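This briefing introduces a single protein structure to a reader who has not met it before. Please view the sequence and the structure together, then read the points below by topic.

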Amino acid sequence: MSDDLLQRAKGIRLAVFDVDGVLTDGKLYFLVDGSEFKTFNTLDGHGIKMLINSGVRTAIISGRSTPVVERRARNLGIQHLYQGREDKMAVLDELLAELGLDYQQVAYLGDDLPDLPVIRRVGLGMAVASADGFVRQHAHGTTQARGGEGAAREFCELIMRAQGSLDAAQAAYL
């Protein structure tokens with residue numbers, strides 16, 4: 001973990017996640033009846049809960065819209081959910097105005113080209129290990145884990161480590 005990433009993470013007040021390829025493995029599963037399902041990693045989920053408990057706000061911005069993402073966000077306590085919104089910068093601008101935050105206080109975890117404008121603009125813009133190569137090249141950093149396989153947990157713990165809240169969160173389980 002580089003000093004640059006830790007420095008960027010110190011002032012983060014809002015962590016934003018893409019869904020497909022970040023909170024999931026990026027595969028789309030459709031049943032015969034046309035319904036869709038996704039698989040989520042419980043390690044990622046607990047990391048997000050710990051981050052929220054440390055005082056960092058959370059959001060999801062996804063170009064796709066599905067009820068399962070709404071349910072997952074609600075279960076984790078993610079405060080802000082935007083689905084079916086392909087212009088992620090426009091959504092982020094709305095959210096920052098609502099919360100009174102600036103770009104430097106935002107961390108974003110993405111995997112594909114629609115995430116890149118946000119990744120490049122925020123204080124901490126990261127890509128998952130399985131992200132598109134061009135996106136990884138232009139991100140501040142890349143997780144070791146692939147999307148849907150612990151990348152969000154790694155991202156959350158990076159922020160908490162930088163802010164000095166990770167040790168206490170982990171020690172609560174001893």
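Two residues are said to be in contact when they have heavy atoms within 4.5 Å, and a residue is called buried when its relative accessible area is under 20%. With these terms, the buried residues of helix α7 pack against α1 (3–10), β1, α2 (42–53), β6, β7 (124–127) and α8 (166–171). The structure is a predicted model. The points that follow treat the annotated site, the neighbouring residue D20, helix α7, the aromatic pairs and residue A59.

**The annotated binding site**

- An unreviewed UniProt entry carries the annotation "binding site" for D18 and D111.
- These residues are spread over 94 residues of sequence, yet they cluster in space, with a largest C-alpha distance of 7.7 Å.
- Both D18 and D111 are included in the lining of the largest pocket.
- D18 is located in the loop that runs between β1 (14–17) and β2 (29–30).
- D18 has a relative accessibility of 6%, and therefore counts as buried.
- The side chains of D18 and K88 are joined by a polar contact of 2.9 Å.
- Apart from neighbours within four places in sequence, the contacts of D18 include L23, I61, S62, K88, Y108 and D111.
- D111 is located in the loop between β6 (106–110) and α5 (116–121).
- D111 is also classed as buried, because its relative accessible area is 14%, which falls under the 20% limit.
- Beyond neighbours within four places in sequence, D111 is in contact with D18, D20, G21, V22, V128, A131, D132 and V135.

**Residue D20**

- D20 is found in the loop between β1 and β2, and D18 has its place in the loop between these strands as well.
- The relative accessible area of D20 is 15%, so this residue is buried.
- The side chain of D20 has a polar contact of 2.6 Å with the side chain of K38.
- A polar contact of 3.3 Å links the side chain of D20 to that of R64.
- When residues up to four places away in sequence are not counted, D20 touches G26, L28, K38, R64 and D111.

**Helix α7**

- Helix α7 comprises 13 residues, 151–163, which at 1.5 Å a residue should span 18 Å; its end C-alpha atoms are 19 Å apart, in agreement with that expectation.
- The expected span is found by multiplying 1.5 Å by one less than the number of residues, which is why 13 residues give 18 Å.
- Helix α7 is mostly covered, with 10 of its 13 residues buried.
- The buried residues of α7 are A151, A152, R153, F155, C156, E157, L158, I159, M160 and A162.
- G164, just after α7, takes a positive phi of about 80°.

**Aromatic pairs**

- How many aromatic pairs does the model contain? The count comes to two.
- One pair is formed by F17 and F155 in an edge-to-face arrangement, with 5.5 Å from centre to centre and 80° between the planes.
- F17 belongs to strand β1 and F155 to helix α7, so this pair ties together parts that are 138 residues apart in sequence.
- F17 counts as buried because its relative accessibility is 0%.
- F155 likewise counts as buried, at 0% relative accessibility.
- Y29 and F37 form a stacked pair, at 4.9 Å centre to centre and with 20° between the planes.
- Y29 has 25% relative accessibility, and so counts as partly exposed.
- F37 has 35% relative accessibility, and is therefore partly exposed.

**Residue A59**

- Is A59 buried or exposed? A59 is buried, since its relative accessible area is 0%.
- A59 has its place in strand β4, residues 57–61.
- Not counting residues up to four places away in sequence, A59 touches L14, A15, V16, F17, I78, H80 and L95.
- A59 and A73 are 14 residues apart along the chain, and their C-alpha atoms are separated by 8.6 Å.

Terms used. Residues numbered from 1 in each chain as written. Predicted model: local features only at pLDDT ≥ 70, side-chain atom pairs only at ≥ 80, totals over all residues. Heavy atoms only, no water. UniProt positions renumbered as here; feature names shortened; annotations may be inferred. 1 Å grid on protein atoms, 1.4 Å probe; cavity = no way out; pocket = protein on both sides within 12 Å on 5 of 7 lines; lining within 4 Å. Helix = DSSP H or I, 4+ residues; strand = E, 2+ residues; numbered from the N terminus. Buried < 20%, exposed > 50% of the residue type's maximum accessible area, 1.4 Å probe, protein only. Polar contact = N/O pair within 3.5 Å; in protein donor to acceptor, adjacent residues only side chain to side chain. Phe/Tyr/Trp six-rings, centres within 6.5 Å; stacked < 30°, edge-to-face > 60°.
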